[in-house]
Amino acid sequence: MISLFLPGAILISVLLYFNKSKIVNYTLVVFYALFLLTFAVYQSFHLNSIELGYFKSDGLGILLLLTLSAVTIPALFHGYRYIATHDESKKSRGLFFAAMTMLITAIGAAYLSNHIAVTWIFVEITTLCASVLIYHHRTTAALEGVWKYVFICAISITFVFIGILFLSLSLKQAGVEDLSFDALEKNYAQLNPFWLKFAFLFIFTGFTAKLGLVPMYTAGIDAKDKAPAPAGALFSSVLMNLGFVGIYRFYAIVARTEILPWANTIILIAAFLSIFVATVYMTRIKNIKRMFAYSSIEHMGLVMLGLAAGGIGVYAAILHIVLHSFVKPSLFFQFNQVYRVYQSKSIYDVGNYFKYNKAGAIALLLGFISCTAMPPSGLFVSEFMIFQSLFESHHLIILFVVLLLLTMIIWGFGSNIFKLLFTPPISIDETKIPKISAWESASQYILLAIAVYLAYNPPAQFVHLTKDAVNLLPQ
Amino acid sequence: MTDILLIMFAMTLLYMSIANRLLTYIRILVFQGFLLFGVTFLELSHINVTNLVLILLETVVFKALAVPLFLNRVIKHNGITRVAEPFLPNFVSLIIITLIIVITIVLSNSIKDINLDKTFFVVALSTLFTGLYIISTRRKIITHVMGYLVIENGVFILSLAVGNEMPMLVNLGIMLDIFASVLILGVFFNKIGDVLNDPDVNQLRNLKD
């Protein structure tokens, strides 16, 4: 069905861009959300089917595609609220929704891609769409954000390409010219390990820009800060998953070769440094939106720790990445309303949120609990399993230090969130505060509830898909 | 013959490290475009003609003419001063670039792979690192863009090394070239030039924690 989905989605984006009528615009957006959902469900009934030669709906792809369509619906709804409250021109509204739908389409197609070059092309397209969204406000700060994002993403995309070139060098010996993941997996024994090391290094570094790990994480932070919150929600969840897919699919090939321990060391170092960097910033950060962005860096670090530790850690990593995609967007969506109350992102200007928007304040509190993986949260389950896998693989020192760092993150995160929720703000003109309907927080509750449900009482189909994704690695 | 062209390419890197004026950088980029044209013409003999013509057109029309002309226009249009303003003295740059080339030669000598054309590997890798070096040691945003273009050229050379077996990869490289250059140069550099006068990276330091 992807041969139907891709042209259809592109057509919708183009129509959104050129259309000036409000009603047609929103009808198209609703239609797109339904279209994506239908596509995801249809694909999930056709597991492991190959389409157009380059797309394969395997467990990992379907799992993340379903997550994507679940996050898309509230993202588009909050996009609608965002546009409605910002009094946008017709042109910028059209461009916003066209870029959103195109971004989601590219992410979805990249999840299902079974060919490393096709993944690479769709990653390029996401950079393009994301840059349009970051520059939505046309301010100097947004320009700075978009410039950094485009430049760093261009370099990292070049790195991935260099990695692909080294991979083809490593294939030369085997006499294979097909770069699909299936063909690579079949011929893993003939890959030249020396070139494969180079390839892994470059591909890993390149995808860290999307995944949000050290060394290329910086661009993503500015992007999530400057983009409108609904777009930021997508950047810090489903777009990060795209980086994970890129690394994971290639890692599945590397895991069959002799360089696996070496690759694991690289991942461990990058993951540990990411958590460290996130801790350093989270304990002193004053911009709420950037704090959420750094929290994503921390979670991706944990995911990669689980992957490198192996064993149950791989299952936990995939579970974590799915649950995180439900938890983090809900915080970003809620932030949109926080900003409407205070007109500021700085922690110094906000406070006493419970007084102005009760439903939103509870959503924020629950989001905080979920995000820091305190027990009722779904992330608690996956984080616990990641720590277990670190323990089992004898990475005790890393485990100990990471636990320490996570405690500091909870402190930093908590002190800011509690300031926002309970401490009265220094100076605020209460007459200017808009009344915000409790319904706007409904999607946040639903997303957080899904995360809890999937973690504590996973449906059989969900477990099956996750296991299918884990089975990409040699057991 | 290919080797001679590639060695000349490596020499342009050394020249770039001591170049002072932006115009010199642009001229070097033009020259590199023509060198790449020559290398492509000599090297890719086994692929079909239409594809070869496409690749050759990309090197000449895009790399050697369109992008440099555009850079020139941007510099004139925004009234950017003509000096590259490196953070380090040129002499140090020269030594560092030389070291990069020497290290890649040593590295390539440690590789025992008969499938590898070492000249391609050395020139591609040293071009890549020179580009990164230029990005990190120049003050103007436009020199960052030029550093990125140098990286692209390095990647292009590397893709030529496997071009006969997998022409698809060369095409992908061309796509990357055009995509990134249009995105970086066309849309945003124009914008940055309009918003900030004499763009300097120091003016893009407001987003931080």
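# A tour of the predicted two-chain model

Start by selecting Phe45 of chain A, which sits in the loop that runs between helix 2 and strand 1 (50-51) of chain A. This is a predicted model, and each stop below should be read with that in mind. Phe45(A) is exposed, because 9 other C-beta atoms lie within 10 Å and a residue counts as exposed at 12 or fewer. If you add Ser57(A) to the selection, you will find it 12 residues away along the chain, with its C-alpha atom separated from that of Phe45(A) by 9.6 Å.

Step back next into helix 2 of chain A, residues 22-44, and pick out Ile23(A). Ile23(A) is also exposed, with 8 other C-beta atoms within 10 Å. For a view across the chain, select Thr431(A) as well: the two residues are 408 apart along the chain, and their C-alpha atoms are separated by 32 Å.

**Two domains of chain A**

Colour chain A by its domain assignment, which gives domain 1 as residues 1-258 and domain 2 as residues 259-475. The C-alpha centres of domain 1 and domain 2 of chain A lie 21 Å apart. Where the domains touch, 46 residues come from domain 1 of chain A and 44 residues from domain 2 of chain A. On the domain 1 side of this contact, at least two residues each are supplied by helix 3, helix 8 (193-211), helix 9 (218-226), helix 10 (229-235) and helix 11 of chain A. Helix 3 of chain A gives the most to that side, with 13 residues. By class, the domain 1 side that touches domain 2 of chain A has 27 nonpolar, 12 polar and 7 charged residues.

**Helix 3 against helix 11**

Now show helix 3 (residues 59-86) and helix 11 (residues 238-254) of chain A together, and look along their axes, which come within 11 Å and cross at roughly 175°. The two helices of chain A are therefore roughly antiparallel to each other. Display the side chains where they meet: Leu60(A), Leu64(A), Thr67(A), Leu68(A) and Val71(A) belong to helix 3 of chain A, and they meet Val238(A), Asn241(A), Val245(A) and Tyr248(A) in helix 11 of chain A. By class, this contact has 7 nonpolar, 2 polar and no charged residues.

**Backbone details in chain A**

Which residues of chain A does a cis peptide bond join? Select Val214(A) and Pro215(A), where omega is about 10°; Pro215(A) is found in the loop between helix 8 and helix 9 of chain A. Most residues other than glycine have a negative phi, and most peptide bonds are trans.

Move on to Arg138(A), in the loop between helix 5 (116-134) and helix 6 of chain A. Phi of Arg138(A) is near 55°, a positive value in a residue other than glycine. Arg138(A) is exposed, with 10 other C-beta atoms within 10 Å. His394(A), in the loop between helix 17 (378-392) and helix 18 (396-421) of chain A, is the next stop. His394(A) likewise has a positive phi, of about 65°, although it is not a glycine, and with 10 C-beta neighbours inside 10 Å it counts as exposed.

**A covered helix in chain A**

From Arg138(A), follow the chain into helix 6 of chain A, residues 140-172, whose 33 residues reach 48 Å from the first C-alpha to the last, close to the 48 Å expected at 1.5 Å a residue. Is this helix mostly covered or mostly exposed? Helix 6 of chain A is mostly covered, as 31 of its 33 residues are buried.

**Over to chain B**

Select helix 2 of chain B, residues 22-43, which has 22 residues and reaches 31 Å from its first C-alpha to its last, close to the 32 Å expected at 1.5 Å a residue. Its buried residues include Leu22(B), Tyr25(B), Ile26(B), Leu29(B), Gln32(B) and Phe37(B). The buried residues of helix 2 of chain B pack against helix 1 (2-18), helix 3 (49-78) and helix 6 of chain B.

Finish where the two chains touch, in a contact that takes 30 residues from chain B and 33 residues from chain A. On the side of chain B, the elements that give two or more residues are helix 6 (141-161) and helix 7 (167-195) of chain B. Helix 7 of chain B gives the most to that side, with 12 residues. By class, the side of chain B that touches chain A has 20 nonpolar, 5 polar and 5 charged residues.

Definitions and conventions. Residues numbered from 1 in each chain as written. Chains lettered and ligands numbered in written order. Predicted model: local features only at pLDDT ≥ 70, side-chain atom pairs only at ≥ 80, totals over all residues. Contact = placed C-beta atoms within 7 Å. Helix = DSSP H or I, 4+ residues; strand = E, 2+ residues; numbered from the N terminus. Nonpolar A, V, L, I, M, F, W, Y, C, P; charged D, E, K, R; others polar. Axes fitted to C-alpha atoms, helices over the stretch in contact; angles between N-to-C directions. Parallel < 35°, antiparallel > 145°, perpendicular 65-115°, else oblique. Domains from an automatic or database assignment. Buried ≥ 20, exposed ≤ 12 C-beta atoms within 10 Å, placed from the backbone. Expected span 1.5 Å × (residues − 1).
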